[in-house]
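Subject: Structure handover

Hello,

Here is the structure I promised to pass on. My notes follow below it.

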Amino acid sequence: MQGTIAFLCAVFLGSVAQADAFSDSRGIWMRDDGNAKVSIAPCGQQLCATNLWIGDTSKGEQAGDKLIMTLRPASQGTLAGKAYDPKRDRTYSMTLTVRKGGLTTRGCIGAGLICKNVRWTPAK
């Protein structure tokens with residue numbers, strides 16, 4: 001019986017951590033270099049990051065581009081999993097970490113050999 005209670009508590013706490021990280025990541029975010037504004041919102045069972053505004057479109061990014069993220073809790077405040085870019089038909093390893101005053105995303109390709117971290121702050 002005690003093992004069952006411990007298991008249920010772990011499941012509940014995991015669900016709360018997941019709910020917090022998912023809900024804390026939702027909103028309108030500005031990239032730290034000021035060159036992009038995205039909306040992170042639910043889309044089905046996943047989260048989607050949709051470009052609302054792009055300053056420098058030289059790398060092919062445009063408003064309306066979407067990244068579909070299938071993420072699960074990895075630790076307190078961190079979600080990890082995959083992100084799919086339908087425009088480029090490319091899947092990335094993705095980590096999204098919610099921190100005080102913003103969030104950080106880390107996307108990797110090539111079995112984690114090429115990665116990029118991006119910091120985001122709430123858009124005003």
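Two residues are in contact when heavy atoms of theirs lie within 4.5 Å. Take the contacts between residues at least 6 apart in sequence: 24% of them join residues at least 24 apart. Please keep in mind that this is a predicted model.

Overall build

The protein has 8 strands and 1 helix. The helix comes at the start of the pattern, which reads α-β-β-β-β-β-β-β-β along the sequence. There are 124 residues, and 28% of them are buried. The exposed area is about 7,800 Å². Carbon and sulfur atoms supply 57% of that area.

The largest pocket

The volume of the largest pocket is about 1,000 Å³. Its lining is made up of 35 residues. Closest to the centre are Arg31, Glu61, Leu67, Lys116 and Val118. Which strand gives the most to this lining? That is β8, with 7 residues. Several strands supply at least two lining residues each: β2 (36-43), β3, β4 (66-75), β6 (90-99), β7 (102-109) and β8 (114-122).

Trp53 and the surface patch

Trp53 sits in strand β3, which covers residues 46-54. Together with Ile28 and Leu52, Trp53 forms a nonpolar patch on the surface. The accessible area of the three adds up to about 270 Å². Is Trp53 itself buried, exposed or partly exposed? Trp53 counts as partly exposed, because its relative accessibility is 40% and that class runs between 20% and 50%.

Asn35

Asn35 is in the loop between β1 (27-31) and β2. What does Asn35 touch, leaving aside neighbours within four places in sequence? Asn35 is in contact with Trp53, Ile54, Gly55 and Asp56. So Trp53 turns up twice: in the surface patch and among the contacts of Asn35. Asn35 counts as buried because its relative accessible area is 17%, and the cut-off is under 20%.

Asp89

Look also at the loop between β5 (78-85) and β6, where Asp89 is placed. Phi of Asp89 is near 50°. That is a positive value in a residue other than glycine. Most residues other than glycine have a negative phi. Asp89 counts as exposed, because its relative accessibility is 58% and the cut-off is over 50%.

Best wishes

Technical notes:
Residues numbered from 1 in each chain as written. Predicted model: local features only at pLDDT ≥ 70, side-chain atom pairs only at ≥ 80, totals over all residues. Heavy atoms only, no water. Patch = residues over 30% accessible without salt bridge, like charges linked within 9 Å, V, L, I, M, F, W, Y side chains within 5 Å. Areas by Shrake-Rupley, 256 points an atom, 1.4 Å probe, with all protein chains shown as cover. Salt bridge = Lys/Arg side-chain N within 4 Å of Asp/Glu carboxyl O. Helix = DSSP H or I, 4+ residues; strand = E, 2+ residues; numbered from the N terminus. Buried < 20%, exposed > 50% of the residue type's maximum accessible area, 1.4 Å probe, protein only. 1 Å grid on protein atoms, 1.4 Å probe; cavity = no way out; pocket = protein on both sides within 12 Å on 5 of 7 lines; lining within 4 Å. Points joined across faces, edges and corners; volume = space filled by probe spheres on them.
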